[in-house]
Amino acid sequence: MSISDSDIADAMAAYLTDYPHEAEGLAEPLRLLNEGRNFASRRTFPMHATAGALLVRGEEILLVDHRAYGLVLQPGGHLEPETDGSLVEAAVRELVEETGVDPSLIELVSPTPCYVEFGPVPARPNKNEPAHFHLDFGYAFTTTRADIGDLQASEVTGAAWYPLGAAERLVGSRIARAVSAPA
């Protein structure tokens, strides 16, 4: 079963129940979601949904060096509507693909996203993509034993465990959200 616009809207509604003060900043993606356009497809413009994973291990969090953006970020990426059954499944798939983490060693903190971000993406003519927006749904996971395995070299150039403070300076407040996400 693929991810529907209704699934995406439900995740947004659950998020805004926990973080109502962010509704104003998410007004534009909410307006677009109400139009219903198959936002699970990366070919939907001007916006489509993506999923990210914040994996916490004690006082560390797993981040990747993103090849296309040249930035340190949480693992994540585009949905695969044919295979992802939910936004959480997409986040886990991206985490496992990019970092080689054993999925049996991770645990979802909450089915509600710990962050939702609406951000611009520059045009990528080589992929026939105009400038557009990602509506990124991030989920918090924990582990006690997972470690980095084989990296997805086409997407990331490296992966490492970062102390939470250092990760927050690199990636932003979503790190604190992963640690304090409501269960």
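**Fold, cores and loop residues of the predicted model**

At a relative accessibility of 59%, Asn 128 counts as exposed, because exposed residues are those over 50%. The model in which this value was computed is a predicted one. Asn 128 belongs to the loop between strand S6 (115-121) and S7. The backbone of Asn 128 has a phi near 55°, a positive value in a residue other than glycine. Along the sequence, 85 residues separate Asn 128 from Arg 43, while in space their C-alpha atoms are 9.3 Å apart.

A second positive phi is found in the loop between H2 and S1, where Asn 38 lies. For Asn 38, phi is near 65°, again in a residue other than glycine. Asn 38 counts as partly exposed because its relative accessibility is 42%, and the class between buried and exposed runs from 20% to 50%. Pro 46 also lies in the loop between H2 and S1. The peptide bond that leads from Phe 45 to Pro 46 is cis, and its omega is near 20°.

The chain as a whole contains five helices and eight strands. In sequence order, these elements give the pattern α-α-β-β-β-β-α-β-β-β-β-α-α. For 183 residues, a compact globule would have a radius of gyration near 16 Å, and the value of 15 Å for the chain agrees with this. Along the principal axes, the C-alpha atoms fill a box of roughly 45 × 40 × 35 Å. Of the contacts with a separation of 6 or more, 71% are between residues 24 or more positions apart.

Of the 183 residues in the chain, 47% are buried. The accessible surface comes to about 8,600 Å², and carbon and sulfur atoms account for 53% of that area. The chain carries 13 positive and 27 negative charges, and the mean positions of the two sets are 6 Å apart.

In soluble globular proteins, nonpolar side chains tend to be buried together. In the present model, the largest nonpolar core has 33 residues, and Ile 8, Leu 55 and Phe 137 are those with the most contacts inside it. Two or more residues of this core come from each of helix H1 (5-18), helix H2 (27-35), strand S1 (47-57), H3 and strand S7 (132-142). Apart from this core lies another, made up of 15 residues, among them Val 72, Tyr 162, Ala 167 and Ala 178.

The surroundings of Ile 8 can be described in more detail. Beyond its neighbours within four places in sequence, Ile 8 is in contact with Ile 3, Leu 33, Phe 39, Ala 40, Ala 49, Leu 87, Leu 135 and Phe 137. Phe 137 is thus a contact of Ile 8 and, like Ile 8, one of the residues with the most contacts inside the largest core.

Glu 97 is located in helix H3 (residues 87-99). Its relative accessible area is 28%, so Glu 97 is partly exposed, the limits of this class being 20% and 50%. With neighbours within four places in sequence left aside, Glu 97 is in contact with Glu 80, Asp 150, Leu 151 and Gln 152. Leu 151 is 54 residues from Glu 97 in sequence, and the distance between their C-alpha atoms is 7.2 Å.

Technical notes:
Residues are numbered from 1 along each chain as its sequence is written. This is a predicted model: local features need pLDDT of at least 70, side-chain atom pairs count only at pLDDT 80 or more; totals for chains, interfaces and linings use all residues. Side-chain values use heavy atoms; hydrogens and water are left out. Helices (H or I, at least four residues) and strands (E, at least two) are DSSP runs, numbered from the N terminus. The radius of gyration is taken over C-alpha atoms; the globule rule is 2.2 Å times the number of residues to the power 0.38. Buried means under 20% relative accessible area, exposed over 50%, partly exposed in between (1.4 Å probe, protein chains only). Contact means heavy atoms within 4.5 Å. Accessible areas come from the Shrake-Rupley method with a 1.4 Å probe; for residues, only the protein chains shown count as cover. Lys and Arg count as positive and Asp and Glu as negative; His and the chain ends are not counted. The place of a charge is taken as NZ of Lys, CZ of Arg, CG of Asp or CD of Glu. A nonpolar core is a set of buried Ala, Val, Leu, Ile, Met, Phe, Trp, Tyr and Cys residues joined through side-chain atoms within 4.5 Å.
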